[in-house]
Amino acid sequence: MPNSTSLFSTAQARAIDLAAQHALKITEYALMQRAGAAAWRTLLHHWPQAHRIGIACGPGNNGGDGSVLARLARASGRDVVVLRLPDGEPRGATANRAFADWQGDGGVVEVFGGDLPDVDLWVDALFGIGLTRAPENAARALIEKINAAGVDVLALDCPSGVDADTGNVPGVAIRATRTFAFLVDKRGLHTGAALDCVGMLDVDALGIPDACVPAQHAAAKLAEFQMLARALPPRRQDSNKGLYGHVLCIGGDHGSGGAIALTGEAALRCGAGLVSVATRADHVGMLLARRPELMVRGVEDSADFAALCKRASVIAIGPGLGQGKWGRALLAAALDVGKPLVIDADALNLLPEMLSSKPSRTLDGCVLTPHPGEAARLLACSTSQIQENRFDASRALVDRYQCCVVLKGAGTLVGAPEQIPMVIAAGNPGMASGGMGDVLTGVIAALRAQQLSPFDAGSVGALLHALAGDAAARRVGERGLLASDLFAELFRLVNP
């Protein structure tokens, strides 16, 4: 896979800050001045007409960054209001110096008393990456007031109230129009509840040397469109369907035939050479009428599909499988075949029981695709615990099941043993509808059949799926978006 944008934890970001000061032989305040100046430039670029600017400054270095920006804005002739919290006296030598310089230039600091002044733009310099708990008391009230003010907000480094390490938002948080991150991109800005707060994101390295940013030790990577061309090169002229794998899709208990139909069609659209479907006999006619390219067989027990498994190169199991006797028997048989599996939906809910009942079963070469609720069942915890730290949850799933895991949701995470996690910065709320996960299962299975590794198939498949959802939403809108709306877009994207 080609290099992708590196994402870092907050601890790494702080270490890079110190390394940059050492490499550049500058003080913390000099680096803060660089940050404030860069933020001022981006403010001018995006809001050139903003004349009255409000800057909410916290007590730490994020507030110091805001103070530097305030001086530059005032020097340009803007009317600047610096607002601090009642208990927000600057703490630390660097923040104190930034506030002192602002006041030394004639700037005034107002204390938040419950009301906000009228401004054209708010700058959030309250907490940045320094807060991991819910804002309380006056801080909470100030954030709520800024959010309700009806003007754009520029957040410095991280919207206050967002955990830049995990993406969790434990209480109120600034809902920024844009976030301007310093030095490096933080992993938590790209997943979970943070996505409703970050807005558009810019990152400025502030001129630090590349050696200060060890990309090989990044906490995560950001999946990018350019990955597709490397993973999906043009096919050679001397091709045949046998070169591109045979996907067997298993699922569709009574009343759920549509789920496995979506999986099978997605596998076809993403380039699998052959796609078979093992489902209830009742669904055979419907699937063949919908997509005659599928090879569909009615299966009533595990013995019926032994021959199908032998021919398959990859098995996708779970969509519409159910958790009854039929689904259990098919999942047990699939786990024992020893073929690469893509496991989703009801198969995930049955998986812990299946593995505990037969410890010799392993998931080597497999891909699991849980949403947060399924992930919680796989780890025997609550869904809220999964969402509080999606990175930790992803790692826990990988460690427990020793395979590639695609943790779905806003900012999907893809992890695998000995791999830097991949974050999928695409997708939209319209994809929160039935059948979307069934399509993703087929996409990943098709890529596995075409010889991509489990991690690459999970990463590229999740990116393809999310980009297809975005393209379909641009075409038809988000609300009411259907899983089948993605097929035309997938067809286009797998031919980059």
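Helices are DSSP runs of H or I with at least four residues, strands are E runs of at least two, and both are numbered from the N terminus. The model is a predicted one, where local features need pLDDT of at least 70 and side-chain atom pairs count only at pLDDT 80 or more, while totals for chains, interfaces and linings use all residues. Residue numbers start from 1 along each chain as its sequence is written, and side-chain values use heavy atoms, leaving out hydrogens and water.

**Exercise 1. The mixed sheet**

Task: Work out the strand order of the open sheet with 11 strands, and find which strands are at its edges.

Solution:
- Start with the rule for pairing: DSSP has to find at least two bridges between two strands.
- Walking across the sheet on that basis gives 1-9-18-17-16-15-14-13-10-11-12, with mixed pairing. The ends are strand 1 (5–7) and strand 12 (295–298), each of which pairs on one side only.
- Now zoom in on one pair: strand 13 (residues 314–317) runs parallel to strand 14 (residues 341–343), with three bridges between them. Ala316 sits opposite Val342 of strand 14.
- Do likewise for strand 10 (246–250) and strand 11 (residues 274–279). These two are parallel over five bridges, and Ile250 has Ala278 of strand 11 as its bridge partner.

**Exercise 2. Helices on the mixed sheet**

Task: Which strands does helix 16 lie across, and which does helix 17 touch?

Solution:
- Set the terms: contact means heavy atoms within 4.5 Å. Axes are lines fitted to C-alpha atoms (for helices, over the stretch in contact), with angles from 0 to 180 degrees between N-to-C directions.
- Helix 16 (residues 436–449) lies across strands 10, 13, 14, 15 (367–368) and 16 (404–407), at about 170° to strand 13.
- Helix 17 (residues 454–476) packs on the sheet against strand 9 (220–223), strand 15, strand 16, strand 17 (413–415) and strand 18 (422–424), and its direction makes about 15° with that of strand 18.

**Exercise 3. The parallel sheet**

Task: Find the order of the open sheet of seven strands, then place helix 2 and helix 3 on its strands.

Solution:
- The order reads 4-3-2-5-6-7-8, and the pairing is parallel. Strand 4 (109–111) and strand 8 are the edges, pairing on one side only. From one strand to the next, the twist averages 25°.
- At the strand 4 end, strand 3 (residues 79–84) pairs with strand 4 in the parallel sense over three bridges, and Arg84 stands opposite Val111 there.
- Helix 2 lies across strand 2 (52–57), strand 5 (121–125), strand 6, strand 7 and strand 8, at about 155° to strand 7.
- Helix 3 lies across strands 2, 3, 5, 6 and 7, at about 160° to strand 2.

**Exercise 4. Buried or exposed?**

Task: Sort Pro159, Leu183 and Glu418 into buried or exposed.

Solution:
- Cut-offs, with a 1.4 Å probe and protein chains only: under 20% relative accessible area is buried, over 50% is exposed, and in between is partly exposed.
- Pro159 is in the loop between strand 6 (152–156) and strand 7 (178–182). Its relative accessibility is 0%, so Pro159 is buried. Beyond its neighbours within four places in sequence, its contacts include Asp124, Ile174 and Leu189.
- Leu183, in the loop between strand 7 and helix 6, is not a glycine, yet its phi is positive, near 70°. It comes out buried because its relative accessibility is 10%.
- Glu418 also shows a positive phi, about 60°, without being a glycine. It belongs to the loop between strand 17 and strand 18, and it is exposed because its relative accessibility is 83%.

**Exercise 5. The pockets**

Task: Which helix gives the most residues to the lining of the largest pocket, and which to that of the second largest?

Solution:
- On a 1 Å grid over the protein atoms alone, a pocket is an open set of points where a 1.4 Å probe fits, with protein on both sides within 12 Å along at least five of seven lines; lining residues have an atom within 4 Å of a point. Volume is the space filled by probe spheres set on the points, which are joined across faces, edges and corners.
- The largest pocket has a volume of about 1100 Å³. It is lined by 38 residues, with Gly409, Ala410, Gly411, Gly427 and Asn428 closest to its centre. Helix 16 supplies the largest share, four residues.
- The second largest pocket has a volume of about 860 Å³. Of its 35 lining residues, Gly60, Asn61, Asn62, Phe127 and Gly130 lie nearest the centre. Helix 1 (10–24), helix 2 (28–46), helix 3 (61–75) and helix 5 (137–148) each give two or more residues, and helix 1 gives the most, with five.
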